[in-house]
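Biologist: I have a structure open and would like to learn how to read it. Can we begin with a ligand and what surrounds it?

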Amino acid sequence: MSDIWVQPTGGALGADIHGVDLSRPIGDSVFQRILQAWSEHLVLRFSGQKIDDDMLMAFSARFGDLDRVPIAAAGFDRTDSVLPKEAEAWVAVISSIVHNGKPVGGLGSYELVWHTDMSYNPLPPRASLLYALEVPPDGGNTGFLNMYSAYETLPDDLKRAIEGRTCIHDSSRNSAGELRKGYQRTLDVRQTPGAVHPLVRKHPVSGRKALFLGRRPGAYIHGLSVEDSETLLDAVWQHATQERFAWYQKWRIGDLVMWDNRCVMHRRDAFGEGLRRLMHRTQIVGEPVLAG
Ligand code: OGA
Ligand code: MN
């Protein structure tokens with residue numbers, strides 16, 4: 001019997017799950033406790049884990065079907081993959097490490113702006129699970145934002161202004177701002193490629209409303225002039241990204257952190273160039289986005 005213990009971070013979101021060994025099968029009652037904690041705290045951290053890609057995929061698959069890895073940045077060559085063939089389609093490598101002159105993973109060591117994973121897809125993933133294999137001594141912390149709180153505290157005029165509105169989520173660039181393979185630069189946000197989603201979404205499990213912003217670059221609110229869209233987006237983003245809605249994860253080797261993309265945004269601090277950081281990530285197929 002595993003003795004699971006949920007310890008909230010005390011911040012705007014997030015909890016540690018103690019007493020669970022992810023290298024072993026997890027019984028249904030423990031899994032139900034994990035699901036419950038996830039629904040309450042939005043981000044869960046399992047520390048001190050020792051898992052390989054098969055174990056990461058097996059645990060991830062408890063939350064739904066695995067989703068395919070995102071399209072890599074131009075210049076990143078997956079033929080250098082460090083992953084076994086079976087894992088390549090499902091496990092994304094996020095790394096600053098350069099091996100034989102080539103990066104072993106995506107996203108380097110630079111800052112990642114606030115974003116929701118793969119929200120530029122029509123069916124954005126419900127969850128992402130990120131497992132730390134190597135971490136730098138400092139820097140590279142990952143911040144999470146509680147998008148329920150961001151919505152609930154939105155001033156009434158902004159709530160009214162975004163009600164029923166949809167926004168484009170840019171598929172051409174990754175969260176580091178790099179152009180993905182096969183995409184062109186776009187200057188007019190009305191031409192931004194990517195999925196269109198409601199700005200307020202209803203969480204299919206909790207039934208609560210959350211702001212759904214995706215990422216700021218390339219965003220455009222349908223039906224508004226570019227100028228009005230920019231002004232409204234700036235105001236909503238300024239509100240949503242306040243520190244009071246955020247909690248930061250300082251990584252240690254063996255941490256597995258999972259977040260709910262339906263009600264959480266995240267970002268990453270830069271870290272020293274040349275420092276090694278290696279993470280493996282899975283993502284879980286989502287359901288159609290419900291307008292809030
Ligand atoms: C991700 C991501 C953050 C990090 O994997 O989706 O945004 O800390 N990573 O590397
Ligand atoms: Mn991300």
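Modeller: Keep in mind that this is a predicted model. Start with the residues around ligand 1: Ile94, Leu112, His115, Asp117, Leu130, Thr142, Trp259, His266, Arg268, Arg277 and Arg281.

Biologist: How many of the residues in the shell around ligand 1 are nonpolar, polar and charged?

Modeller: The shell around ligand 1 divides into 4 nonpolar, 3 polar and 4 charged residues.

Biologist: Which strands each supply at least two residues of that shell around ligand 1?

Modeller: Strands β8 (112-115) and β18 (264-268) do.

Biologist: How do I read the polar contacts? Which atom of ligand 1 lies 2.7 Å from a polar side-chain atom of Arg277?

Modeller: A polar contact is a pair of N or O atoms within 3.5 Å. For Arg277, the partner is an oxygen atom of ligand 1. Arg281 also has a polar side-chain atom 2.6 Å from an oxygen atom of ligand 1. Thr142 joins in: an N or O atom of its side chain is 2.5 Å from an oxygen of the ligand.

Biologist: How much of ligand 1 does the protein bury?

Modeller: The protein buries 99% of the 290 Å² that ligand 1 exposes when taken alone.

Biologist: Now the metal. Which residues coordinate the manganese ion (ligand 2)?

Modeller: Look for donor atoms. His115 (NE2), Asp117 (OD) and His266 (NE2) coordinate the manganese ion (ligand 2), at 2.1 to 2.2 Å. Those three residues also belong to the surroundings of ligand 1.

Biologist: How are the donor residues of the manganese ion (ligand 2) spaced in sequence?

Modeller: The pattern is H-x1-D-x148-H.

Biologist: Are His115 and Asp117 buried or exposed?

Modeller: Both His115 and Asp117 are buried.

Biologist: Next, strands. What is the general idea of pairing?

Modeller: Strands of a sheet pair through backbone hydrogen bonds, either parallel or antiparallel. Take β9 (residues 127-134) here: 6 of its 8 residues are buried. Strand β9 runs antiparallel to β17 (residues 256-260), with 5 bridges joining them. It is also paired with β19 (residues 278-284), again antiparallel, over 7 bridges.

Biologist: Which residues are the partners of Leu130 in β17 and in β19?

Modeller: In β17, Leu130 is bridged to Val257. In β19, Leu130 faces Arg281. Both Leu130 and Arg281 are listed around ligand 1.

Biologist: How do I spot an edge strand?

Modeller: Count its partners. One open sheet has 3 antiparallel strands, ordered β14-β13-β20. Here β14 (209-211) and β20 (290-291) are at the edges with a single partner strand each, so one side of each has no neighbour in the sheet. Strand β13 (residues 200-202) pairs with β20 over 2 bridges. One bridge there sets Lys202 opposite Leu290.

Biologist: What is the order of the open sheet that contains β11?

Modeller: The order is β12-β11-β15, with antiparallel pairing of its 3 strands. Its edges are β12 (196-198) and β15 (220-221). Ile168 stands opposite Tyr220 in β15.

Biologist: Last, backbone angles. What should I look for in phi?

Modeller: Most residues other than glycine have a negative phi. Leu42 departs from that, with a positive phi of about 75 degrees. Asn100 is another case, with phi near 50 degrees.

Biologist: Where do Leu42 and Asn100 sit?

Modeller: Leu42 is in the loop between α1 (28-41) and β3 (43-46). Asn100 is in the loop between β5 (98-99) and β6 (102-103).

Biologist: Why does Leu42 count as buried, and why does Asn100 count as exposed?

Modeller: Buried means under 20% relative accessible area, and exposed means over 50%. Leu42 is at 3%, so it counts as buried. Asn100 is at 71%, so it counts as exposed.

Key: Residues numbered from 1 in each chain as written. Chains lettered and ligands numbered in written order. Predicted model: local features only at pLDDT ≥ 70, side-chain atom pairs only at ≥ 80, totals over all residues. Heavy atoms only, no water. Donors = N, O, S within 2.8 Å, 3.2 Å for Na, K, Ca; no water. Buried < 20%, exposed > 50% of the residue type's maximum accessible area, 1.4 Å probe, protein only. Pairing = 2+ DSSP bridges. Helix = DSSP H or I, 4+ residues; strand = E, 2+ residues; numbered from the N terminus. Near = heavy atom within 4 Å. Polar contact = N/O pair within 3.5 Å; in protein donor to acceptor, adjacent residues only side chain to side chain. Areas by Shrake-Rupley, 256 points an atom, 1.4 Å probe, with all protein chains shown as cover. Nonpolar A, V, L, I, M, F, W, Y, C, P; charged D, E, K, R; others polar.
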